[in-house]
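Q: Please take a close look at the strands in the early part of this chain. I would like to know how they pair, and then how the rest of the model is put together around that.

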Amino acid sequence: MRSIAYLFLVVILVFSKPVFAQTTDCYIHDDGAHARERVVDITKTIIDVSFEPAEGIVNGTVTHTFSPLRKEVDTLFLDAPGIEVLELTLGKDKPKYTVDSKGITIRFDKPLTWETTHTLTIKYKATPRKGLYFIGWNDPNNLSRKQIWTQGQGIDNRHWFPTFDDMGDKMLTEVKVTFDKDYQVLSNGNLVSEKLNKDNTKTWHYAMDKPHSAYLVMITIGKYAVQTVKSKGGVVINNWYYPEYPDRAEPTYRYTAQMMDFFEQEFGVKYPWPEYSQVMVQDFMYGAMENTTATIFGDFYNIDKRAFLDRYYIGTNAHELAHQWFGDYITTRSPENHWLHESFATQYQKHFERHIFGEDHYRWNCRTELWSTMYAAKSNNLPVGHSNPGSARHYPKGSLVIDMMRYMVGKEQFNVAIQYYLQKHGYSNVSTFDLWAAFNDKLGINLDWFFDQWIHRGGEPKYEVSFLEVPFGPASVGATVFTVKQVHEMDDVVGLFKMPIVFEVHYTDGTYASTTEWIENHSHTVTIANEGGKKVAYVLFDPNSEIVKSVDFKKETPMLLAQALGAKNMIDRYDALIGLRSVPLSQKRDQLVELYAKESFYAVRAEVVKQLINDQELDAEVYVTLLNDKHAKVRLEAIEEVTTIHPKYLAAYEQLLTDSSYKVIETALVKLTTDFPENTALCLEATKSEVGMSKSIRIAWLEIAIATEREKYLPELVAYTSSSYEFRTRTNAMEVLKRLNYLDETLVANLVDASLNPNSRLAGPAKGLLKHFKGQSAYNAMIQQYLSSKTWNGWQKEALQGVL
């Protein structure tokens, strides 16, 4: 069969009609689809800061070196919401300025002109609620970690230092931090110096030697140890970790050096910065952030070897490292091009995991991305190339779109175009047009139609597929005839899709026939000759699921079973299993057992377990084998899907209380004590020393134990909602206390504290729980008494709106 890339080039040369997508914005109005205007070019920024952490105060001086972009510039605005300006100078002059809720407006005595360079210095004070965060400094129990860290994306660094906070301006940066000498400090670039001061503080000085955007400036302060490794390509990598958990450094940072080598080879561009560091922080509101040379990530990824079985940092790690090229080295001009950061980082994250874990793992990641894509489609049809289409478009769908681009042009040609794109625009800004142009300039390929269909327009194709086996000509010759219809809703934004799709017919003798056809009309008929009159085992539409789509393709049970047992691609076997979900067990039991025994990929085995685990006629030995699967996620599937544990399998399920997976133990504990309450004491005894990540097992254990020893264990559960603990532990405890419908004065205080936290993943659940209890007359008075006993400032009142 000729390659998709070959067919693609032939079709483009012969049939393509230009639609000029390279100059087209998305087809839906987008207020964010514009680059911000600027009047100066900031070439260097020096930030010198110290902190009063208990009060949440930043004391700083920022110096910007800049040149006018306009012929004359008499006014300059810097983003600085809530920042108090103490002193402002332009060289030796003191220009007039005004401060409002958005920032600082500076009016020069004489207009500044082209080809001049100026230095603006601002001494300031800030108490930021965004951009920079003080963690643990006011914990009354002194148990929490004490940290200071920043999160600048999208436009939050402006809250802790005055700047032109837009990705369209790039500058060299230096960061100087003065703080307690017993802490460690990380910022962007190289550590230039570390000076001990007379007052038991140190001053750390970091500097970048290449320009980057202001939102990528970072600081982290805390108590850390550092694991330093070097990639084969010679890049120094500093992995910062909590010194009390040295055993977690390896599973947390596993494969980092290999990632660096993989990406340098994949992109054809060396790592564009001097060193690379990663640092974990408490209460981070996202997964991670790709600050230039220094990624910050949530310490919920700080895992031991057991937690690695349930969830690991590898994918996020690869995602953030890919951003050092796609986002930091090249940076978009404006928000509608943001997909050029996130879609590429997501796609390359997937391909690194493919490199480590294999093809099936990669295809499973693609499938989870497709689910996210199609779920988002239920809400709207916003395109990938929109400034605010939702994360499902910028991350999973965009990733799949880039995969299709690679599929269309071929991997080698794709890599050549991407290398050209990176090298041409290094340390500068890009737009979607620049990516389009890279394929056109380097390969001579015009991807107008592809960008128009998948980037600028929204929606996804929905295909209705059917087939018939028909005889024609001599008795030994026949054909399989497919009918394909595009049945998705169409409008001015979503039209018909044009993509090359592979059709396969697999025969019972193990052979198969295949053809690739461009599907672009409302309806197509595709014929595959059956010259030997062979018996058809099963047929495939788009084998290996290369195209973003939903499909309605009904198949009979024998064909689904043949596909599940015979398809070479994991995702085709999985799709057959999904089609078998509604088939009675009597018609599929033996084949499912056969498939389980030979299947190598865990997700397919997990689907088999899902369909067999409640089968009371299943052979007992086979049943126990399912429970003892080598992969933790399959064992977890068994516990989650079993309706009621049969007594004859009780011992097998009880073995899971000593599983290597924390998640399996937690789920087994809850299930066993629910189905066999008479065994609760034994289950609690078996798991009393297990804690789990974010105290997940301990909190589940407490919920069960409280049923019989309420007064003994409630105080511990309530304590886990306090500021002494990281946010996942706090929210885990909150969920249990809601189910128990328990509230006391300590919990009220903890919930109010959590509601004021800048991390919405903590504040949202806490505030919701307060409202839940407030709706009960028995608890409302307790909450109101606490709230009325305190004095709340403006931002606190706003945060507690609906509760106060």
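A: In this predicted model, a useful place to begin is a single residue pair: Thr 63 has Thr 121 of strand E7 as its bridge partner. That pair belongs to the contact between E2 and E7 (residues 118-126), which run antiparallel and share nine bridges.

E2 also has E1 as a partner. Strand E1 (residues 40-52) and strand E2 (residues 57-68) are antiparallel and are joined by twelve bridges. Within this pairing, Asn 59 of E2 stands opposite Ser 50. The two strands make a hairpin with four residues between them. Gly 56, in the turn, has a positive phi of about 70 degrees.

Strands E3, E6 and E5 make up an open sheet of three strands, in the order E3-E6-E5, with antiparallel pairing. Strand E3 (72-79) and strand E5 (96-99) are at the edges and have a single partner strand each, so one side of each has no neighbour in the sheet. From one strand to the next, the twist averages 20 degrees. Seven bridges hold the antiparallel pair of E3 and E6 (residues 103-113). One of these contacts involves Phe 77, whose bridge partner in E6 is Thr 105.

The loop between E6 and E7 contains Glu 115. Its phi is near 60 degrees, a positive value in a residue other than glycine. Glu 115 is exposed, with a relative accessible area of 84%. Tyr 255 also has a positive phi, near 75 degrees, and is likewise not a glycine. Tyr 255 sits in the loop between helix H2 (249-253) and helix H3 (256-267). With a relative accessibility of 24%, Tyr 255 counts as partly exposed. Another backbone feature is the cis peptide bond between Gln 153 and Gly 154, where omega is about -5 degrees. Gly 154 is in the loop between strand E9 (147-150) and strand E10 (170-180).

Turning to the interior, the largest nonpolar core has 153 residues. Phe 51, Tyr 124 and Tyr 653 are the residues with the most contacts inside this core. Helix H14 (residues 602-612) gives the most to this core, with seven residues. A second, separate core has 93 residues, including Leu 340, Tyr 362, Leu 540 and Phe 541.

Helix H4 (residues 314-323) is mostly covered, with ten of its ten residues buried. Among them are the polar or charged side chains of Thr 316, Asn 317 and Glu 320, together with Ile 314 and Leu 321.

The last part to consider is a pocket. The second largest pocket has a volume of about 1200 Å³ and a lining of 41 residues. Those that lie nearest its centre are Gly 692, Met 693, Ser 694, Lys 695 and Glu 726. Helices H16 (632-641), H18 (662-675), H20 (696-706) and H22 (727-740) are the elements that give two or more residues to this lining. H22 gives the most, with six residues. By class, the lining has 16 nonpolar, nine polar and 16 charged residues.

Technical notes
Residues numbered from 1 in each chain as written. Predicted model: local features only at pLDDT ≥ 70, side-chain atom pairs only at ≥ 80, totals over all residues. Heavy atoms only, no water. Core = buried A, V, L, I, M, F, W, Y, C linked by side-chain atoms within 4.5 Å. Buried < 20%, exposed > 50% of the residue type's maximum accessible area, 1.4 Å probe, protein only. Pairing = 2+ DSSP bridges. Axes fitted to C-alpha atoms, helices over the stretch in contact; angles between N-to-C directions. 1 Å grid on protein atoms, 1.4 Å probe; cavity = no way out; pocket = protein on both sides within 12 Å on 5 of 7 lines; lining within 4 Å. Points joined across faces, edges and corners; volume = space filled by probe spheres on them.
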